[in-house]
Amino acid sequence: MYRRAVSNAARTMVPGPTRPVPPGYPPEPVPNPFASPLWRNQAFVRLWSAATVSVFGSLITRIALPLLAILTLGAGPIEVAVLRGMDLGATLIVGLVAGAWVDRLRRRPVLIWADLGRALLLGSIPLAFVLGVLTFWQLLVVAAAAAVLTAFFDAADNAFLPTLVEREQLVEANGALAASGSAAEFLGFGLSGVLVQLLTAPITILIDAVTYVVSAVLLLTIRHEEAPPPTVEDREPVMDEIRHGLRLVRHDPVLRAFASASMLLAAMWGIFGATFFLFALEDLDLGPALVGGIAAIGGISSLFGAVLATRSTRRWGVGSVAVAAMLLCSLGQLFIPLAPAGLPLVALVFLILQQLIADSAVTVYEVTEVSVRQSLVLDREQGRVAATFSVLAVAAQLVATIGAGLLAEAIGLRAT
């Protein structure tokens, strides 16, 4: 039933007969991806550029912020864990509210103000450092407030894209965003440690603040007339709108299937995050440099998956590709517990295979999932549905992360 429902969504990209079937889906193959009409859409190109710059900077800060806490403020494991947990906590607390408000507002101003707000928050860190007043509590406040703004940004970003591109171009557009995000992941993670060592962590975080300003400027240049949001008189109470978003996901068989799959995928990554580094360092006796190199391969693999997503869906359809990608992800993850202890070179090959197979497959799945979701949902429901997916995934990841730590203590890292 799951496969049939998803395959039907891939063919029609609509949930029922009341919505028109877009003509010519899937589109004919395009030999040169940059010759596609998508890249002649200046609004999309500016959105893509803004997203790429912003992701690059935020990935640098993901490494630089805990390094700042450790190297400059002497934070320990508990403090670093609390600092890193702010993203998950903010999404759980404000994610659904952010989705409801995004559906009430024009999306581009939300994106711009979220970028500028994050730039000011991050810019306060190097300023406080120069003045000699930087504290760990400031880092917590900045991390929490920035995570709240990110929740609004992510909901608005998911809702804004379908207003800029044609429905049959959504897979290609999401693939392009995923591709640049993967390249930013490879470069951001690779450069962050070098920048911290050369420039210090506060200056590295200042670079991220600048990227948010650049992103806001690019978004300001988009000339696209959004449909007017609902008037104040037409709005329902926020809690009623949140419940409506939850009902949309629960009652639509395709959205429900994708949301459930996304929760399981997030749970898998929660277990991975809690156990992988310990398993690689302790059980397999690999060094930190090798583990970092393996992670960098994952960024390259994700880039390949983003490119593959568009081409594969044109040939086989979104539904079949989504199912195949999830199965390949499972196969890839299996290489981790099969990596043999005492044979570091063989173990290294197994972990590289995991990155090549699983990371590329996950990217293919995520591109298809977001594209189907954006195709099925009406414009003024996009924010709530995107926020519902995000909150469900974060909740699953949080529970799985905690459970993996407890399970690893009971049955060991390899079995977990």
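This report covers the fold, salt bridges, surface patch, a pocket and some long-range contacts of one protein chain.

**Fold**

The model is predicted. The protein chain holds 14 helices and zero strands. Read from the N terminus, the elements run α-α-α-α-α-α-α-α-α-α-α-α-α-α. The chain has 416 residues, and 48% of them are buried.

**Salt bridges**

The whole structure contains seven salt bridges. Three of them are described here, beginning with Asp 103 and Arg 107. The closest N and O atoms of this pair are 3.0 Å apart. Asp 103 and Arg 107 are both buried. The pair also belongs to a network of salt bridges, in which Asp 103, Arg 107 and Arg 384 are linked.

Arg 314 pairs with Glu 172, with 3.6 Å between the closest N and O atoms. This salt bridge links distant parts of the chain. Arg 314 sits in helix H11, residues 288-316, and Glu 172 sits in helix H7, residues 170-199. The two are 142 residues apart. Is Arg 314 buried or exposed? Arg 314 has a relative accessible area of 16%, so it is buried, as the cut-off is under 20%. Glu 172 has 12% relative accessibility and therefore also counts as buried.

Arg 373 and Glu 369 form a salt bridge within one helix, H13, which spans residues 344-376. Their N to O distance is 3.3 Å. Why are they separated by about one helical turn? Because Arg 373 and Glu 369 are four residues apart in helix H13. Arg 373 is buried, and Glu 369 is buried as well.

**A nonpolar surface patch**

Seven residues can be named on the surface here: Val 194, Leu 198, Leu 199, Ile 203, Leu 206, Val 210 and Val 214. They form a nonpolar patch. Together they have about 560 Å² of accessible area. Helices H7 and H8 each give two or more residues to the patch, and H8 covers residues 201-220. H8 supplies the largest share, four residues. One patch member, Ile 203, is found in helix H8. Ile 203 counts as partly exposed, because its relative accessibility is 35% and that class lies between 20% and 50%.

H7 thus appears twice in this account: it holds Glu 172 of the salt bridge to Arg 314, and it gives residues to the nonpolar patch.

**The second largest pocket**

How much space lies in the second largest pocket? About 330 Å³. Its lining counts 18 residues. The closest to the pocket centre are Ile 271, Gln 333, Ile 336, Pro 337 and Thr 416. Two elements give two or more residues to the lining: helix H10, residues 253-283, and helix H12, residues 318-338. H10 gives the most, with eight residues. By class, the lining has 13 nonpolar, four polar and one charged residues.

**Pairs apart in sequence**

Three residue pairs are set out below, with C-alpha to C-alpha distances in space.

| Pair | Apart in sequence | Apart in space |
|---|---|---|
| Thr 150 and Gly 95 | 55 residues | 9.4 Å |
| Val 323 and Thr 368 | 45 residues | 9.9 Å |
| Thr 211 and Ser 58 | 153 residues | 8.4 Å |

Each pair has one member placed in a helix below.

Thr 150 lies in helix H6, residues 136-164. Its relative accessibility is 24%, so Thr 150 counts as partly exposed. Val 323 lies in helix H12, an element that also lines the second largest pocket. Val 323 has 14% relative accessibility and therefore counts as buried. Thr 211 is placed in helix H8, which also contributes to the nonpolar patch. Is Thr 211 buried or exposed? Thr 211 is buried, with a relative accessible area of 8%. Helix H8 therefore carries both a buried residue, Thr 211, and a partly exposed one, Ile 203.

Technical notes. Residues numbered from 1 in each chain as written. Predicted model: local features only at pLDDT ≥ 70, side-chain atom pairs only at ≥ 80, totals over all residues. Heavy atoms only, no water. 1 Å grid on protein atoms, 1.4 Å probe; cavity = no way out; pocket = protein on both sides within 12 Å on 5 of 7 lines; lining within 4 Å. Points joined across faces, edges and corners; volume = space filled by probe spheres on them. Nonpolar A, V, L, I, M, F, W, Y, C, P; charged D, E, K, R; others polar. Salt bridge = Lys/Arg side-chain N within 4 Å of Asp/Glu carboxyl O. Buried < 20%, exposed > 50% of the residue type's maximum accessible area, 1.4 Å probe, protein only. Patch = residues over 30% accessible without salt bridge, like charges linked within 9 Å, V, L, I, M, F, W, Y side chains within 5 Å. Areas by Shrake-Rupley, 256 points an atom, 1.4 Å probe, with all protein chains shown as cover.
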